Amino acid sequence: MLIALSLDGSAAGVAERERWITLTGSARPRPSGRLTGLFHLVTCYRVELYGWLEPSSDIPVTTAARDLAHRWYGSLAEQFLAASTLRYGVGAGRHLLRVAAGLESPSAGDQHLLAQVRRAHAEAAGEKTLGSALDRLLQTALRTGRRVRRESAFGARASSIVALALDAIAAHRGPGGPGRCVVVGAGVMARAAARALAGERPDDLVVVNRNLERARGVAGPIGGRTALLRALSTEVERADVVVVATGSAVPLLTPELIRRRDGGHPTLIVDLALPRNVDPQVGEIPGVRLLNLDDLAGAACGSERLTADRAGAEAIVADEAASFDRWLAESARRAALAPARTALLAARERPSGFPGGTWPADRTARRAATRLKPARTFRAAAEAQSAR
């Protein structure tokens, strides 16, 4: 049975998520005992832990959930349990499929989330922490996300947190364009932000990073400038818009740095990172407007993106959830029949009593074992029952 603990932006603010994300990244639990499969998913909006509890176990769900939280957070497990949402069984599996489909994101059909699920799956598979059931569920989740993008109107209108940031920037600057823009970082989010800003034809666009070659890789294709991180203060002094998205564990933009800027015009700073890259006190400086991930998510509520027709995506999730449930049922039947198949195949090794060799017993055992396949056996039983 699947056990899941979820902490997302609908229940936990950016500061609380930041805390658990930092702790999650430093833990490397291994499956053992009660939980034979483990997986975690961390994005800027959510922290989710998954564990597989064998159906034969008689351990209460709450005990398994406590064990799951303890694997990552040790003595802080009770605090995470109090802050998170517990799901188990069918509900937990369906939730993961909805996450992969973008139905649980603040930006409808989040374009980046499926890639995050794929990376988390690959990491867990490489560390051999999944087990067959969790591995199959994650394959189903990835297929669900791809189908939603390909087959539904909801997926065709997929957005992203970067798109929400661009909306905020457009509202801040009005019809005059984004002005002078600084993008700090060279990862996936920073690259997407720089590309989106370049499409708005800013007066100036500079990509700032510790590694100049990485900065050139982002700025070059879009005609932007580059600068090293040590020049950040100089670049921010003249900026109208600053977008920050790095993997730094400490703030890069501090009140001291921002106060050096020219205060004659308003500056919008968008922090797309978690842990946050901008000290929250920066938002208290006159002339500065600071937006973090929760601010962008809040602005999206009730927007056209989140009120789009979800019926197609929901139908795909239901179809894939049913497919996984069928696979799970077949797995249980295979496990139940395994001892009988093993015994029949072992009979091939024993003398049959037939003159001239053991081939009749061998042939009989092989045929019987072949027929002890879950789908065939249970389908035949169902047909016989319906014929009565």
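This briefing walks through two pockets and two helix pairs. The model is predicted, so please read the values below as computed from it. The largest pocket has a volume of about 1,200 Å³, and the second largest has about 420 Å³. Helix α5 is a good one to keep in view: α5 gives the largest share of the largest pocket's lining, and its axis also comes within 10 Å of that of α6.

**The largest pocket**

- With a volume of about 1,200 Å³, this pocket is lined by 49 residues, of which V42, T43, C44, Q116 and R119 are the closest to its centre.
- At least two lining residues come from each of α1 (14-25), β2 (35-42), α5 (113-127), α9 and α13 (293-300).
- Helix α5 supplies eight residues, the largest share of the lining.
- By class, the lining holds 25 nonpolar, 15 polar and nine charged residues.

**The second largest pocket**

- Here the volume is about 420 Å³, and among the 25 lining residues M1, W52, A133, F324 and L328 sit closest to the centre.
- Strand β2 turns up in this lining too, with β2, α4 (90-101), α6 (131-151) and α14 (311-347) each giving at least two residues.
- Helix α14 gives the most, with eight residues.
- The lining divides into 15 nonpolar, seven polar and three charged residues.

**Helices α5 and α6**

- The axes of α5 and α6 cross at roughly 160° and come within 10 Å.
- An angle over 145° counts as roughly antiparallel, and α5 and α6 are therefore roughly antiparallel to each other.
- Their crossing is left-handed.
- On the α5 side, the contact is made by L114, V117, R118 and H121, while α6 brings D135, L138, Q139, A141, L142, G145, R146 and R149.
- This contact is mixed in class, with five nonpolar, three polar and four charged residues.

**Helices α8 and α9**

- Helix α8 (residues 161-173) and helix α9 (residues 188-198) have axes that come within 10 Å and cross at roughly 40°.
- That angle makes α8 oblique to α9.
- The crossing of α8 past α9 is right-handed.
- Helix α8 makes the contact through I161, V162, L166 and I169, and α9 through M189, A192, A193, A196 and L197.
- In this contact there are nine nonpolar residues, with no polar and no charged ones.
- Helix α9 also has a place in the pocket picture, as it supplies at least two residues to the lining of the largest pocket.

Note on methods. Residues are numbered from 1 along each chain as its sequence is written. This is a predicted model: local features need pLDDT of at least 70, side-chain atom pairs count only at pLDDT 80 or more; totals for chains, interfaces and linings use all residues. Side-chain values use heavy atoms; hydrogens and water are left out. Axes are lines fitted to C-alpha atoms, for helices over the stretch in contact, and angles run from 0 to 180 degrees between N-to-C directions. Helices (H or I, at least four residues) and strands (E, at least two) are DSSP runs, numbered from the N terminus. Angles under 35 degrees count as roughly parallel, over 145 as roughly antiparallel, 65 to 115 as roughly perpendicular and the rest as oblique. A crossing is left-handed if the near helix is turned anticlockwise from the far one by less than a right angle, and right-handed if clockwise. Contact means heavy atoms within 4.5 Å. Ala, Val, Leu, Ile, Met, Phe, Trp, Tyr, Cys and Pro count as nonpolar, Asp, Glu, Lys and Arg as charged, and the others, Gly among them, as polar. On a 1 Å grid over the protein atoms alone, a cavity is a set of points where a 1.4 Å probe fits but cannot get out, and a pocket is an open set with protein on both sides within 12 Å along at least five of seven lines; lining residues have an atom within 4 Å of a point. Grid points are joined across faces, edges and corners, and a volume is the space filled by probe spheres set on the points.
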